[in-house]
Amino acid sequence: MLPSRPPLSPADQRSRISRRGLLATGGALGLGALLAACGDSDDAKSPQKKAGWSFKDDRGKSVKTDGTPKNVVAYIGAASALYDFGVECVGVFGPTKLENGKPDVQAGRIDVDKVEIIGNAWGEFSIEKYAALEPDLLVTTMNESPTLWYVPEESAKKIAALAPSVGILTGKTSLTGVIDRFGELAASLGADLKAKKVTDAKARFEAASESVRQAAKTAKAKKLKVMAVSATKDRLYVGTPDDFTDLRYYRELGVEFVTPDGVGEAGFFAELSWENAGKYEADLILVDKRTGNLQPEDLMKSMPTWAKLPAAKAGQTVAWYNEPQFSHAGIAPLLESLATALQDAKKVA
């Protein structure tokens with residue numbers, strides 16, 4: 001994450017329903033001219049292309065190009081994973097930069113000032129900027145195949161005409177499998193998976209996984225229950241470990257999660273009104289860290305029913321990055337944080 005990419009946040013779900021096509025043909029050049037220009041550029045470069053390149057993505061689609069793609073544009077989560085494996089993208093789309101100019105949590109270790117941002121929110125994807133980058137390949141994730149995450153449906157055909165695409169499934173699947181898939185893609189694009197930074201990250205990931213496994217044993221002895229949530233001013237969304245790739249992995253390591261009922265057709269979350277925030281008992285709460293979600297300090301001040309939750313009162317919350325960088329480097333710190341939280345948590349529910 002699979003239906004590539006971690007689930008819609010509640011805010012994204014609302015904006016998806018109401019979003020409009022923002023990408024009408026614009027500028028001095030019409031979209032047709034842009035497409036033609038892109039084609040001319042490809043023709044000009046073709047004599048320099050080397051051996052052919054191919055990659056079978058998680059739609060089962062074999063993507064082929066005349067040479068190894070150089071100008072790669074990706075959803076920010078996919079770009080972050082590729083970066084950790086040694087591949088830098090020329091452009092990104094999705095939550096990348098905050099209003100204050102600082103990196104969004106989903107940007108990972110990417111220098112957001114050195115990459116072209118062709119869209120920074122749901123529904124935003126500048127075809128003009130995309131074409132200007134002369135893209136060789138578009139990479140994104142999928143929550144459900146074959147839907148490409150953060151690629152606007154109303155512009156999908158125009159975007160597809162500019163460059164081939166690769167979709168990596170990141171939802172309802174194996175976490176280590178997703179990481180391996182990004183590693184395979186990065187290697188095909190020229191990354192050295194034996195580089196020290198990559199192997200060190202994998203070693204750290206493995207050690208962190210073992211630390212969670214041991215902490216989960218301690219938590220089980222204390223009979224601790226863990227709940228994952230996203231919080232907005234209107235609703236509390238309880239995540240189901242069956243659908244979130246990271247929660248699946250944590251559960252495999254022994255973490256015992258609350259499994260909500262009444263999960264919607266799209267999966268991932270069950271919705272609760274704030275009046276019913278105490279429906280499930282939990283001793284440790286993972287709180288969605290993505291932009292647009294309320295954080296524990298805000299919830300304690302603004303939501304009385306949150307403040308009454310035993311875990312909240314005890315301060316037993318930990319950040320939940322449910323759209324993580326799907327790399328060993330991206331996941332290892334999250335595992336370490338979870339292990340510490342499990343070790344320190346007390347039975348309060």
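## Sheets, helices and selected loop residues in a predicted model

Asp283 sits in the loop that links strand E10 (269–272) to strand E11 (284–288). The model is predicted, and the description below follows its strands, helices and loops in turn. Asp283 is buried, because its relative accessible area is 0% and a residue counts as buried under 20%. Once its neighbours within four places in sequence are set aside, the residues in contact with Asp283 are Lys223, Leu224, Lys225, Ala311, Gln316, Lys346, Lys347, Val348 and Ala349.

**The five-stranded sheet and helix H12**

Strands E10 and E11, which flank the loop of Asp283, both belong to an open sheet of 5 strands, ordered E10-E9-E8-E11-E12 and with mixed pairing. The edges of this sheet are formed by E10 and strand E12 (317–320), each of which pairs on one side only. From one strand to the next, the twist averages 35°. Strands E11 and E12 run parallel and are joined by 4 bridges; within this pairing, Val287 has Ala319 of E12 as its bridge partner. Helix H12 (residues 328–344) packs on the sheet, where it touches strand E8 (226–231), E11 and E12, and the direction of H12 makes about 150° with that of E11.

Helix H12 itself consists of 17 residues and spans 24 Å from its first C-alpha to its last, which is close to the 24 Å expected at 1.5 Å a residue. Its buried residues are His328, Gly330, Ile331, Ala332, Leu334, Leu335, Leu338, Ala339, Ala341 and Leu342.

**Strand E6 and its partners**

Strand E6 (residues 137–142) has 6 of its 6 residues buried, and it is therefore largely enclosed by the rest of the structure. Strand E3 (residues 72–75) runs parallel to E6 and is joined to it by 3 bridges, with Val72 standing opposite Leu137 in E6. Strand E7 (residues 165–169) is likewise parallel to E6, and 5 bridges join the two; here Val139 has Val166 of E7 as its bridge partner.

**Helices H3 and H6**

The axes of helix H3 (residues 76–85) and helix H6 (residues 175–188) come within 9 Å and cross at roughly 65°. H3 is therefore roughly perpendicular to H6, given that angles of 65 to 115 degrees count as such. The contact involves Ala78, Ala81, Leu82 and Phe85 on the side of H3, and Ile179, Phe182, Gly183, Leu185 and Ala186 on the side of H6. The crossing of H3 and H6 is right-handed.

**Loop residues and backbone geometry**

Most residues other than glycine have a negative phi, and most peptide bonds are trans. Two non-glycine residues with a positive phi are set side by side here, with the loop in which each lies and its relative accessible area.

| Residue | Phi | Loop | Relative accessible area |
|---|---|---|---|
| Lys172 | about 55° | between E7 and H6 | 28%, partly exposed |
| Phe268 | near 75° | between helix H8 (245–252) and E10 | 5%, buried |

The loop of Lys172 thus leads between E7 and H6, E7 being a parallel partner of E6 and H6 the helix whose axis crosses that of H3. The loop of Phe268, by contrast, lies between H8 and E10, and E10 is an edge strand of the five-stranded sheet. Lys172 counts as partly exposed because its relative accessibility is 28%, whereas Phe268 counts as buried because its relative accessible area is 5%.

A cis peptide bond is present from Ser145 to Pro146, with omega near 10°. Pro146 is placed in the loop between E6 and helix H5 (156–160), so that this loop is attached to the strand whose 6 residues are buried.

A further proline, Pro103, is found in the loop between strand E4 (91–93) and strand E5 (116–119). Pro103 is partly exposed, because its relative accessible area is 43%. Not counting residues up to four places away in sequence, Pro103 touches Thr96, Leu98 and Val112. Pro103 and Asp113, which are 10 residues apart in sequence, lie 8.9 Å apart in space when taken from C-alpha to C-alpha.

Note on methods. Residues numbered from 1 in each chain as written. Predicted model: local features only at pLDDT ≥ 70, side-chain atom pairs only at ≥ 80, totals over all residues. Heavy atoms only, no water. Buried < 20%, exposed > 50% of the residue type's maximum accessible area, 1.4 Å probe, protein only. Contact = heavy atoms within 4.5 Å. Pairing = 2+ DSSP bridges. Axes fitted to C-alpha atoms, helices over the stretch in contact; angles between N-to-C directions. Expected span 1.5 Å × (residues − 1). Parallel < 35°, antiparallel > 145°, perpendicular 65-115°, else oblique. Left-handed = near helix turned anticlockwise from the far one by under 90°.
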